[in-house]
Amino acid sequence: MTSHSAAAVLLVVVLTALLASLPAGSSSATAARGAGAGGAGAGSSAWSVRPAGTADRTAFVMDSAPGAIVRDAVRVSNLSDAPLSFQVYGSDAYNTPRDGALAYRQAGEAQTGLGGWLALGTNALVIPPGRAADIPFTLSVPADAPPGSHVGGIVALNNAVEQAGGASGVDVGIQRAIAVRIQLTVEGPLTPGVAVRSVRVRHRPAGTPFGGARAILTYTVVNTGNAALRPTVSPRVSGLFGLRQSAFADRTLPLLLPGQSADLTVDWPQAPGTDYLTASVRVTAPGLPATSAQSGRVVVSWPTLGAVAGLLAVLAVALGRFRGKRSRGAFPHRGVAS
């Protein structure tokens, strides 16, 4: 690193074995080739994190009463040709506001949920190449834990720091991590619920008259209950009297946690320049009735309106002159005889 270079360390959390739709083999991550801290991660650096025991488990799915203690083990496998050093910790899961992706809190952040209930047999380990380590853990469910879904994970952070220099002269250090999901359902009444809110249309007309416009539909999906859900949304936009309809592809969200929300957008690149647009979003989830929300607004292309107003003004002047000529032709001037 040169004296004029700045250093940054980025933590890249690779979400694997988090969603039921992902195959079991996706729980491994391959880091870029290059030197790492202390030689760890030299050569091909790859590892996996999954529940210990049978290979058919890609995540921990548990049921428990409040106050109970659950015991299990997580397996960290070194798939590379060099020793790898890891920091392993329990983490709370959350949905990123922008798109609802499932993410995990970093080791230095406060773990106020399931991540704080975890106690691992070790938080640091070095695994020889081609070997695996099973780490036992206990999950102590608080006696006052509310019923419903509690989601977190066990994260294995590779201590190796990869150097990635950019054209700007800034050296960036990247650390990679893999998490395996823990989904705990605490016994008690389940009240699943989902809602869609804040449906809006942003309109960006073209800068030229009669040019096309771009509309962006934004909305928020909220898990209003106490059970984790995978809702499916169906957005659409239509013009006045139902004309110029645009139905977009349905979208199924990742696991949306209780109390969490996802802000989503849909792009409509061929939107009308001037119209009354009605945007609606329908959301469904297994076992729940469909719900929807909508909003409407007038959209205007000022360049187009200006051009139309100019044409109307020209036509009005031309029409006035035409009428004036007709009036003079209909009543010719006659002289008075003396």
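The legends below describe close-up views of one predicted protein model.

Because the model is predicted, local features need pLDDT of at least 70 and side-chain atom pairs count only at pLDDT 80 or more, while totals for chains, interfaces and linings use all residues. Residues are numbered from 1 along each chain as its sequence is written, and side-chain values use heavy atoms, with hydrogens and water left out.

**View 1. The whole protein holds two helices and 21 strands.**
Helices (H or I, at least four residues) and strands (E, at least two) are DSSP runs, numbered from the N terminus. Of the 338 residues, 41% are buried. Buried means under 20% relative accessible area, exposed over 50%, and partly exposed in between, with a 1.4 Å probe and protein chains only. The protein exposes about 17500 Å². Carbon and sulfur atoms supply 56% of that area. Accessible areas come from the Shrake-Rupley method with a 1.4 Å probe; for residues, only the protein chains shown count as cover. Among contacts with a separation of 6 or more, 70% join residues 24 or more positions apart. Contact means heavy atoms within 4.5 Å.

**View 2. Strands 14, 15 and 19 form an open sheet in the order 14-15-19.**
The pairing is antiparallel. Two strands pair if DSSP finds at least two bridges between them. Strand 14 (194–204) and strand 19 (261–271) are the edge strands, each paired on one side only. Neighbouring strands are turned by 15° against each other on average, direction ignored. For such angles, axes are lines fitted to C-alpha atoms, for helices over the stretch in contact, and angles run from 0 to 180 degrees between N-to-C directions. Strand 14 and strand 15 (residues 213–223) run antiparallel and are joined by nine bridges. Arg 202 has Ile 216 of strand 15 as its bridge partner.

**View 3. Thr 218 sits in strand 15.**
Is Thr 218 buried or exposed? Thr 218 is buried, because its relative accessible area is 15%. Beyond its neighbours within four places in sequence, Thr 218 contacts Ser 198, Val 199, Arg 200 and Arg 202. Leu 264 and Thr 265 are also in contact with Thr 218.

**View 4. Ser 198 of strand 14 has a positive phi.**
The phi value is near 55°, in a residue other than glycine. Ser 198 is partly exposed, with a relative accessible area of 45%. Ser 198 is among the residues in contact with Thr 218.

**View 5. Ser 261 lies in edge strand 19.**
Ser 261 is partly exposed, because its relative accessible area is 28%. Which residues does Ser 261 contact, leaving aside its neighbours within four places in sequence? They are Asn 95, Thr 96, Pro 97, Thr 220, Val 221, Val 222 and Leu 256. Thr 96 is 165 residues from Ser 261 in sequence. In space, the two are 8.1 Å apart, C-alpha to C-alpha.

**View 6. Strand 16 (residues 232–238) pairs with strands 17, 18 and 20.**
Strand 20 (residues 275–285) pairs with strand 16 in the antiparallel sense over seven bridges. Here Ser 234 stands opposite Arg 282. Strand 17 (residues 246–247) runs antiparallel to strand 16 and is joined to it by two bridges. Arg 236 stands opposite Ala 247 of strand 17. Strand 18 (residues 251–252) also pairs antiparallel with strand 16, over two bridges. Thr 232 stands opposite Thr 252 of strand 18.

**View 7. Thr 291 is found in strand 21 (residues 288–299).**
Thr 291 is partly exposed, with a relative accessible area of 27%. Not counting residues up to four places away in sequence, Thr 291 touches Val 194, Ala 195 and Val 196, and also Val 281, Arg 282 and Val 283. Val 233 is 58 residues from Thr 291 in sequence and 9.8 Å away in space, C-alpha to C-alpha.

**View 8. The largest pocket has a volume of about 290 Å³.**
On a 1 Å grid over the protein atoms alone, a cavity is a set of points where a 1.4 Å probe fits but cannot get out; a pocket is an open set with protein on both sides within 12 Å along at least five of seven lines, and lining residues have an atom within 4 Å of a point. Grid points are joined across faces, edges and corners, and a volume is the space filled by probe spheres set on the points. The lining of the largest pocket counts 15 residues. Ala 93, Gly 113, Leu 114, His 150 and Val 151 lie nearest its centre. Strand 6 (84–95), helix 1 (114–117) and strand 11 (148–158) are the elements that give two or more residues to this lining.
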